[in-house]
Structure formats: structure tokens, C-alpha cells
Amino acid sequence: MEVALFIPCYMDQLYPRVAMATAELLERYGVTVRFPEAQTCCGQPMANSGFFDDARPVARKMIDVFESYPHVVCPSGSCTSMVRNHYPDLLASEPRLEALRGKTLELCEFLHDVLKVRPAGRFAHKVGLHQSCHGLRELRLGSGSERLVPAFSKTRALLEGLEGIELVELARPDDCCGFGGTFAVAEEAVSCAMGRDRIADHERAGAEIITAADISCLMHMDGLIRRDGKKQRVLHIAELLLEATA
Amino acid sequence: MIDHAARAKTFVEDEVRLHWHDKAVWFVRQKRDLARAVLPEWEELRTLASQIKAHTLSRLADYLEEFEKKALAAGAQVHWARDADEHNLIVHGLLQARGVTRLVKSKSMLTEDCGLNPYLEARGIEVVDTDLGERIVQFRHEPPSHIVMPAIHLRKEEIGVLFHERLGTPVGLADPRALTEAARQHLRAKFLGAQAGLTGVNFAIASTGGVVVCTNEGNADLGTALPPLHIACMGVEKLVPGPRELGVFLRLLARSATGQAITTYTSHYHGPRPGAELHIVIVDHGRSGILARKEFRRALQCIRCGACLNTCPVYRHSGGHSYGVAVAGPIGSVLAPHLDAKKNAGLPFASTLCGSCTDVCPVRIDLHHQLLLWRGELAARGLVPLGKRFVSRVGRWVLLRTWAYRLFGKLARIFAPLLPRSGWTRQRELPPMPRESFRAQWRNRAGPR
């Protein structure tokens, strides 16, 4: 199977190790990985600031870049949701949009639903799972605590089979970390207060490692952890799975 | 423009209050989770409620006329107000004509929104809010910070000090039971002396002409049972077609609001009681404008339960007063720009777009999506700061050119760590900057492609 990687701009520039882990993890499961080099960004920073006109041509570029690939996989719930759930607001009359929306999957979704893998390996650590909001509530990677539906979590399902892993129980399993894109700077006070509360929850639950399907949330929490001299380590789920299944 | 970020910063600086507020409000969210868990049909109820409201709004003019006809037949009088000014004028006119100088009120976010209290007070009428939380914030000359729990930003010790000053309770008294009793005695005298009672309306039933008021304190009942004049103020969106539909909302409202199965008092008013008058004031105040906007009209389905406030992490970490409007939190940020887009242009940005509000809403309002749509509308109307617009334009130029993006990324990795601490780095470390981007590493990588 051939897959085109859609790597979020901030991950490409700041977290190449996560992007590389995503590629290697997919290759481990027999996937042929391509990286279309013309890609830049999905346009979410502009769209979430309200500048739909600036996001629109950037979104159109995404369609051009990925047009010839059968599957697009992205190690970010937020950027995947931008394409699947928010591009229709921008590109209502674009006939090629449906094809891109239909073939773009978040990494955990792709592993869980398409490859149907349940990673086997060893990861003897206490791990706190941060449920990034857009993956959880816009892509429905999990049931979420608000709705009364049978409980499930695709992210958790990928971790549960690992030998030695202890997934700690959080008091608030799906509260937002406060990153929120430009919100992190525009509303710095609230953003950091929210992040510290999340970290404290993981700390009380005894997590050594905080993992998530979005490195943006983890970048925010890690920034606070290191400034505050805390001990937790953050790992994107792709890195964790790659390390565990080595 | 209301600067939510600046107001929120002040709130966050009081760390003890911040954590206490977050926990107190989250506790109510948890109570809601428990109350909902006993109804296996919860999600179907939400869908049904959403459909009933959507249906009613789609035939609003017909239902309003039916309601008026039935209400008149039941002996009530009906008044129509285009906006806040007309609403205040009508209410004042009713009071003035009957020589009323002492009015008791039960909770009504509509009158809060219309600024009724200061309007009447300026005209010599004593207005007493009889909901305990509302009375507390009224004593403090501040607006409610939550639509269901108006004084949730205050601790019992602060209320003790306030009641000592206003009601003469002993110094240091902070026992909630004793403080409530003091307020009860104080309010009892106000009820007995009132010449008119004003209530909000939770639901108006088109097929019967009745209005329904839900409270936990029975204050609406006392306020309407004693004085000879009852004024009920409602927005046009409060209508439901009939009593059958009402049942759906009564099952959702209290569970979503406070985690109770039903409010302690659910009072139905079909016409005035013998010898008294019932006046219903139906208010538009911007609502028909919202109804005209397809992408925003679902916001009119709101039943003011406050669940979106309780679940909102930004609300919990910034307090209701940081929003600067009568209705705080996600629903307030969605509604307020309709009334004054310029003044409230910052509110749709006071959100991480986490989506919890949308999933908790008992009438399935797409709250976080509407917040995003508002950002788009505000930017299109030139109501987003120029600096942000400039950054967005530059971003677009860079991101459309892969070479420029690569260069910009490289420069950012080199220079970002050298900048003085501000913005991101005031409280957070930057990630360690990698020497190469992923795309450079991928190009250099040996092995399977």
C-alpha cells in the first residue's frame, strides 16, 4: 500500500523526529511511504484567525499536492480535521475537495481502521494519554466524556496491547490543554493555566510519559514542564509505538 | 472592544480563586454527567430537542401568533418589543401606570441583557433580584458571572463579609446555611412589600398560551403569588409548539444545568390568577436578525442551561466577568457579536475551539463551529486587528511558495531561540530546535522509499 505523508508545518520544522517516526512506523507495517515535497501547511493558522481568504489558496495547494496519491496520512488530529471538517467552509465549490477529504486520515485512524493493527511490543512505563481535542471531538478517535455513547478510544486501543505499559487514570480524561493555536499566545494567561492543570492531573496520576496524537498539545505542555522543572517526558504516539515495537 | 485576554489575566493571577472556580464549575459538569447517565436515550433526546427547536424557529411567526391568541384567551395581556429600549419602556410603562415603586424579580437573562434594572432604578423604582445568587451580585453592583449560578465567582467568606455589611449578619459568619437563612428573611420582607413581580420565561407554549418558569428557590412563585401584577419577559425564541414538546426540554434542562432530574419548581402560568394581571412581553432584541442567518440560527435553540459554560475550559479558567457581556461562555460569545460585532469582536477568539461545548449542548448547537464562523465574519468585516491581518497575509505568501516556506522555517529555527522572553516563551520553553527540518532529513535518508 502506498501512502503520502501529510506532515504539519510546525512538525516538519520543529519535530522532524516525530515525522520520521511516523514514516518508519508505517514502513514497519509494510506501507510504502511517500513525502510530496511541495507541501507546506494546511492553512489552519490563518483560518482559525478568521482569515478564510488567506487560508483558501493554501488549502487549494493541498489539493494539488496530494491529488495523485491514493491515501494521505497525517500524524495530527487537528490538521487532519482541518482538511476533513473545515475545508468545506473554505472551498465549497471545489469539485476535487471530496476526493481529498475521503482519503485523508489521521495516523491512529489509519493504523486502527485501515491497517487494523494492534501494536505488539514492550513499553514498561506509566503513560498518561492526552486526548487532543480535534482528534477526539472532530474526528471521533474516541467517545469523549460529554456524549452518552459506548466508550471507545482508537488511540488507547493502539497502546493497550503493549506489554508492561500502564495507562494511568486521569481525573479529567479529555479536558483541553489550552494550546489552541494562536490562542496559546493571544490568551497566554489562560492557555498556560489550562496547561498546568493538565500536567498536574498527569502528575497526580503518576504518569512518567505524556503521549498524544498531536505534538502541538505536547509542545505546549512540554514547554511548561521544562520551564517549571517538572519530570514528565512527552512523546508523540508515533514515537512511542516505534520505540515499543522496535 | 472587550479585551477578554487582559481581563482573564487578572482572573488567573489570583491562583487560589482560579483553582477554586475551575473545580467548583467542573463539579457541576460532573453532576451533569451523572444525571445524564441514567437516561439511556440521552443522545436521542438531544436530537429530538434540536429538531423541535429547529421546527419551531422555521415557523416562528405562526407559533408566535398562535401563542398570543391563546395567551389573550387565557386572560393574559401580550406586548411586543422590537429591542431592549422598547422592552424597558413597556415594563416601565406598566409599572408607572399602576404606581409601582417596589418590584421583585426572579432570574431573567433577557432583562439583564436589556439593562432593565438600571433603567428602572433611574426612574425611581426599587428593583430586588430575589434569586440568592442574583441578590448577591446585585448587592455588589456587578453583573452575574454565570447564567445559572450568578455568584459562582465568589466564596462563602466573601459573601459573609457582604452580608455583614448589607444584612447585618455577625462578623466572620460564613456558614452557607446561616447566610442563606439571613437572605431568606431579608427577601421575605421584600416579597411581602412588593407591588409587582417580574419573571423571565424558560418556555412559552404556543398551543396553550402558557409560560413556564423553572427555578430552584421558589422565588418566582413567591414573586408572582403575592403582588397583583406579574410581568413575564421572554425572547421570541422561547416558544415550543405544545406541552408534549415541553416535556422533552424539561428532561434536558435541569440535568444539563445542575445535574438535577428536574428543577425544584417548574411553574406554569396560564393567564393571571383571579384578581391579578399577567402581562407577557415578547422581545426580539436582535433575534430575528440571527434567525435570518442560516449558519448562525441554531444558536437560537439555546435553553440557557449553562452546560457549555461549565464544560468550557476557558470559562473555568477566566471567569464569567472576563467576557464583559450578560451571557458569558461559548453561547455568549456566539450571541454577543450579533448585537454589537465591534464591541464583542474579541469574544469568538476567547476559545481553543476544543469542541466540548458542542458535545455537551442539550439542543445540539454547533457552538465551536459558530465561533470559528464568527472569526471569519469578523475578519471579513475588518474587525480583527491589523497586526493579525498582516501576519496572515505574510503567512499566505510564504506558504504558497515552498522555497519561501523552507527558508522561513530555517530562519525561525535559528532566530527564535535568540529572541527575548515574550509571548510563547514568557511562561514556556521553546522546543529544542532541530538542525534540519523533516523534509531535509527525508531527502538525505538512506533506506526504503
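## Two helices side by side

Helix α4 of chain A and helix α19 of chain B are roughly parallel to each other, because their angle falls under the 35 degrees used as the cut-off for that label. This is a predicted model, so take everything here as a reading of a prediction. The angle between α4(A) and α19(B) is about 10°, and their axes lie 9 Å apart. On the chain A side, the contact is made by A:Asp54, A:Pro57 and A:Val58, while α19(B) brings B:Ser392, B:Arg393, B:Gly395, B:Arg396 and B:Leu399. It's a mixed bag chemically: three nonpolar, two polar and three charged residues.

Now for another helix pair across the two chains. Helix α11 of chain A (residues 188-204) packs on helix α1 of chain B (residues 4-13) at about 40°, with the axes 8 Å apart. That angle makes α11(A) oblique to α1(B). Here A:Ala189, A:Val190 and A:Ala193 meet B:Ala8, B:Lys9 and B:Val12. Sort those residues by type and you get five nonpolar, no polar and one charged.

## The wider A–B contact

Zooming out, how many residues does the contact take from each chain? Chain A gives 59 and chain B gives 60. The elements of chain A that put two or more residues into the side touching chain B include α1 (9-14), α2 (16-28), α4 (52-66), α11 and α12 (215-227). That side of chain A divides into 32 nonpolar, 11 polar and 16 charged residues.

B:Trp424 is a handy residue to click on here. B:Trp424 sits in helix α21 of chain B, which covers residues 424-427. Setting aside neighbours within four places in sequence, B:Trp424 is in contact with A:Ala184, A:Val185 and B:Leu430. Is B:Trp424 buried or partly exposed? B:Trp424 has 19 other C-beta atoms within 10 Å, and burial needs 20 or more, so B:Trp424 counts as partly exposed.

## Strands and core in chain A

Strand β1 of chain A (residues 2-5) has parallel partners in β2 and β3. Three bridges join β1(A) to β2(A), residues 32-34, and these strands run parallel. In that pairing, A:Ala4 stands opposite A:Arg34. Two bridges link β1(A) to β3(A), residues 72-74, again running parallel. There, A:Leu5 has A:Val73 as its bridge partner.

A:Val73 turns up again in the core. The largest nonpolar core has 195 residues, and A:Val73 and B:Met234 are the ones with the most contacts inside it. Leaving out neighbours within four places in sequence, A:Val73 is in contact with A:Val3, A:Leu5, A:Phe6, A:Leu26, A:Leu105, A:Leu107 and A:Phe110. As general background, nonpolar side chains tend to be buried together in soluble globular proteins.

## A loop arginine

Where is A:Arg172 placed? Look in the loop of chain A between β6 (166-167) and α10. A:Arg172 has 15 other C-beta atoms within 10 Å, which makes this residue partly exposed. A:Arg172 and A:His202 are 30 residues apart in sequence, with 9.5 Å between their C-alpha atoms.

## Chain B: overall build and one sheet

Chain B has 449 residues, of which 48% are buried. Its secondary structure comes to 22 helices and 10 strands. The C-alpha trace of chain B spans about 90 × 55 × 45 Å along its principal axes. Among contacts in chain B between residues at least 6 apart in sequence, 73% join residues at least 24 apart.

One sheet in chain B is worth tracing by eye. The sheet is open, with four strands in the order β8-β5-β6-β9 and mixed pairing. Its edge strands are β8 (239-240) and β9 (265-269), each pairing on one side only. Strands β5(B), residues 203-205, and β6(B), residues 210-215, run antiparallel and are joined by three bridges. To find that pairing in the model, start at B:Phe203, whose bridge partner in β6(B) is B:Val212. Lying across β5, β6, β8 and β9 of chain B is helix α12 (residues 243-257), which runs at about 165° to β5(B).

Terms used:
Residues numbered from 1 in each chain as written. Chains lettered and ligands numbered in written order. Predicted model: local features only at pLDDT ≥ 70, side-chain atom pairs only at ≥ 80, totals over all residues. Axes fitted to C-alpha atoms, helices over the stretch in contact; angles between N-to-C directions. Parallel < 35°, antiparallel > 145°, perpendicular 65-115°, else oblique. Contact = placed C-beta atoms within 7 Å. Nonpolar A, V, L, I, M, F, W, Y, C, P; charged D, E, K, R; others polar. Core = buried A, V, L, I, M, F, W, Y, C linked by C-beta atoms within 7 Å. Buried ≥ 20, exposed ≤ 12 C-beta atoms within 10 Å, placed from the backbone. Pairing = 2+ DSSP bridges.
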